[in-house]
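This report is intended for a reader meeting the structure for the first time. Please keep the sequence and the model in view while reading.

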Amino acid sequence: MKRAILSNFKQGILSISFAVGTVAIAVLIFLSSIETILNAVRGSGLLYSGFHTSLVLNALKSDSIAFFTPVAAVLPMAAAYVEDIKSNYVRYYLFRSSHSAYIIGRICGSFVSGGLVLLLGILLAYGASSLLFLPMERTASAGAENVPGLRDVILSSFLFFLSGGFWALLGLAMSTLMESKFIAYASPFILYYLLVILHERYFTSLFVLSPKEWLVPSDKCFLGSWGPAVIVLELTLLAAMLFAINAERRLRQL
């Protein structure tokens, strides 16, 4: 079991699609802040303390980042099950292992790789922002308050990690229904878009329904950041159960 989980971790994290998704998130963060960056470069004085952190945190609140999260999260391993079935890899795998090891390995690998794509992309953007803008900032004065730092970025990244893991597992689970790569990649984004429409047009007071709240909770969201985290973890468990049930049924037919 341990070997199966580690193997899936390596497959997801060392894939080209993982690197592409990570870099894409970092680039998109800067593109979402292009106006702020241009104003900073054109200015003659020093930037305010914490500018490099605020740049990233403000970008994470943008719609473009929110819409891209289900796209980036599914890249590493959402289609792994379909590829295993169509290439007959799973037949050879089951000769040496069990159904449960395969299923749990795929669940763990998909969740972790989907979450890390977003988390590492954010940290990559933060590192680049620090290198570029930290030397241009004023030194924080003694006793200064509310200066954002790495801790704030890590807390925000944690919520993105959970959401990324959920979207990746959802794509993996949905791929078992029709055994289609298109379903694996497209279904998380489609559900994301539907939830946004339902929240903005019909259930405006139901904040937990909005995937944006899962990433950057508003002050009106219950339990602060913990509320969305609990909701996402519950949805992740449901997606994992859906994949396990459908995958087990399909594997028994091989």
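Asn88 is partly exposed, with a relative accessible area of 35%. In this predicted model, Asn88 belongs to the loop that runs between H6 and helix H7 (89–96). The backbone of Asn88 adopts a positive phi of about 65°, although Asn88 is not a glycine. Most residues other than glycine have a negative phi. Glu179 also has a positive phi, of about 50°, and is likewise not a glycine.

Glu179 is placed in the loop between H9 and H10. Is Glu179 buried or exposed? With a relative accessibility of 18%, Glu179 counts as buried, because the limit for that class is under 20%. Ser180 lies in the loop between H9 and H10 and counts as buried at 18% relative accessibility. When neighbours within four places in sequence are set aside, Ser180 is in contact with Val82 and Ser175.

**Salt bridges**

Side chains of opposite charge can pair when their charged atoms come close. The count of salt bridges in the model comes to six. Three of these pairs are set out below, each with the separation of the closest N and O atoms.

| Basic residue | Acidic residue | Closest N and O atoms |
|---|---|---|
| Lys181 | Glu83 | 3.3 Å |
| Arg106 | Asp84 | 2.6 Å |
| Arg252 | Glu248 | 2.7 Å |

Consider the salt bridge between Lys181 and Glu83. Lys181 lies in helix H10 and Glu83 in helix H6 (residues 80–87), so the pair ties together parts that are 98 residues apart in sequence. Lys181 is partly exposed, with a relative accessible area of 39%, and Glu83 is partly exposed as well, at 34%.

The salt bridge between Arg106 and Asp84 also involves helix H6. Arg106 is part of helix H8 and Asp84 is part of helix H6, so this pair ties together parts that are 22 residues apart in sequence. Where the partners of the Lys181 pair are partly exposed, Arg106 is buried, with a relative accessible area of 3%, and Asp84 is buried, with a value of 6%.

Arg252, which forms a salt bridge with Glu248, is exposed, with a relative accessible area of 63%. In addition, salt bridges that share partners join Asp63, Glu200 and Lys212 into one network.

**Helix H5 and its surroundings**

Which residues of helix H5 (residues 63–73) are buried? They are Ile65, Ala66, Thr69, Pro70, Ala72 and Ala73. Viewed down the axis of H5, these buried residues fall within an arc of 165°, so they line one face of the helix. The buried residues of H5 pack against several other helices: helix H2 (16–32), helix H4 (51–60), helix H8 (99–133), helix H9 (150–178), helix H10 (181–202) and helix H11 (211–215).

**Aromatic pairs**

How many aromatic pairs does the structure hold? There are 14 aromatic pairs. One of them joins Tyr93 and Tyr102 in an edge-to-face arrangement, with 5.5 Å centre to centre and 65° between the planes. Tyr93 counts as buried at 12% relative accessibility, and Tyr102 counts as buried at 2%.

Phe166 and Trp167 form a tilted aromatic pair, with 4.9 Å centre to centre and 50° between the planes. Both Phe166 and Trp167 are buried. Phe166 and Trp167 also belong to a cluster linked by ring pairs, which includes Phe67, Phe189, Tyr192, Tyr193 and Trp214.

**A nonpolar patch on the surface**

The surface carries a nonpolar patch formed by Val23, Val27, Leu31 and Leu124. Together these residues have about 350 Å² of accessible area. Which helix gives the most to this patch? H2 does, with three residues. Leu31 is found in helix H2 and is exposed, with a relative accessible area of 52%. Helix H2 is thus named in two settings: the buried residues of H5 pack against H2, and H2 gives three residues to the nonpolar patch.

Technical notes
Residues numbered from 1 in each chain as written. Predicted model: local features only at pLDDT ≥ 70, side-chain atom pairs only at ≥ 80, totals over all residues. Heavy atoms only, no water. Buried < 20%, exposed > 50% of the residue type's maximum accessible area, 1.4 Å probe, protein only. Helix = DSSP H or I, 4+ residues; strand = E, 2+ residues; numbered from the N terminus. Arc of directions from axis to C-beta. Contact = heavy atoms within 4.5 Å. Patch = residues over 30% accessible without salt bridge, like charges linked within 9 Å, V, L, I, M, F, W, Y side chains within 5 Å. Areas by Shrake-Rupley, 256 points an atom, 1.4 Å probe, with all protein chains shown as cover. Salt bridge = Lys/Arg side-chain N within 4 Å of Asp/Glu carboxyl O. Phe/Tyr/Trp six-rings, centres within 6.5 Å; stacked < 30°, edge-to-face > 60°.
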